[in-house]
Amino acid sequence: MQLTGIHHLTAISAAIRDNKRFYTQTLGMRLVKRSVNQDDVSAYHLFYADAAGHPGTDLTFFDWPVPRERRGTRSITRTCLRVHGRKALEWWGTWLHQHGVRPGEIVERDGRATLDFEDPEGQRLSLVDDGGAGDPPTPWDRSPVPPEQQIRGLGPIVISVPTLSPTDLLLTRVLHMREVREYAPPDNPGGHVHVFEMGSGGAHAELHVAVQPDLPVGQQGAGGVHHVAFRTPDANYDAWAERLNELAIPNSGKVDRFWFRSLYLREPNGVLFEIATDGPGFAVDEDAATLGEKLVLPPFLEPQRARIAANLKPID
């Protein structure tokens, strides 16, 4: 029973209209689902992905009017997005400059060409050359970014912890990940980032764990990340729920998000993880041609549609 890669990552924005503009017009991703946080219906939950909203391509945001995050350990610190080839990274360096973003230089990190930058709220992002590995994405024909340069999906996710051993135990013994190598982080040459891989491995199936005991504890906020989700085939979902309970791992129990099913747990250093199914997918309640164009609610929230919609701000 193996997790197969990163399913999605959910971050926090306090400027959701600007957020939508940046991720669709600057990063060229498609808004594939316009919904609300199912646990806080006052907040949008926007999903950006490839044209079809395939699992593994999803970067999502909660719309919360909160202060900026306080950076530190016990948190998710960087989200990587995959592109194919160094020429794509060079194209992105020019494109980002043209759109008011100041990326770093292209560097080699963990054996991959990487371009670091931040979104307007300070969300730490990197574009990573994945060498063409991972599920082939579906380009969005209305993206301002040419098909060959479009973001292919999520790459490695970086978390920071003060101590490795309890996190290692959960990742390897409970979630069946494998530690395959380590490298020095760019901001601390004497430090260590441990690479854990899932499934068949590759940039789309890695969690990078930076051990940073000297950092203060981070605090979630705008420009920060809420949680990361790992992919499981639908057929293994019940078995994962049983496994967490058998091993006495505190967890949410089964949660049906309608477009996928979820299990939530915190690793011992406090980072929130989710196990999410590949199906049924975002087209279960919308035409694939018009994904993300209107507010969509899961069935249990439909009776509240008028009240929910009235409390949401315009974002177009």
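I take helices (H or I, at least four residues) and strands (E, at least two) as DSSP runs, numbered from the N terminus. The model I am reading is predicted, with local features needing pLDDT of at least 70 and side-chain atom pairs counting only at pLDDT 80 or more, while totals for chains, interfaces and linings use all residues. Residues are numbered from 1 along each chain as its sequence is written, and side-chain values use heavy atoms, with hydrogens and water left out.

**Overall**

I looked up the elements first and noted five helices and 16 strands in the protein. The radius of gyration is 18 Å, close to the 20 Å that the globule rule gives for 316 residues, so the protein is as compact as a globular protein of that length; the radius is taken over C-alpha atoms, and the rule is 2.2 Å times the number of residues to the power 0.38.

I then looked up burial (under 20% relative accessible area; 1.4 Å probe, protein chains only) and found that 58% of the 316 residues count as buried.

**Helix α2**

I turned to α2, residues 86–98, whose 13 residues should span 18 Å at 1.5 Å a residue, and its end C-alpha atoms, 19 Å apart, agree with this; the expected span is 1.5 Å times one less than the number of residues.

Within α2, I found Ala88, Leu89, Trp92, Gly93, Trp95 and Leu96 buried. Their cover includes α1 (16–26), β5 (75–83), β7 (112–118) and β8 (124–129), where contact means heavy atoms within 4.5 Å. Following α2, I noted glycine 100, with a positive phi near 80°.

How values were computed: Buried < 20%, exposed > 50% of the residue type's maximum accessible area, 1.4 Å probe, protein only.
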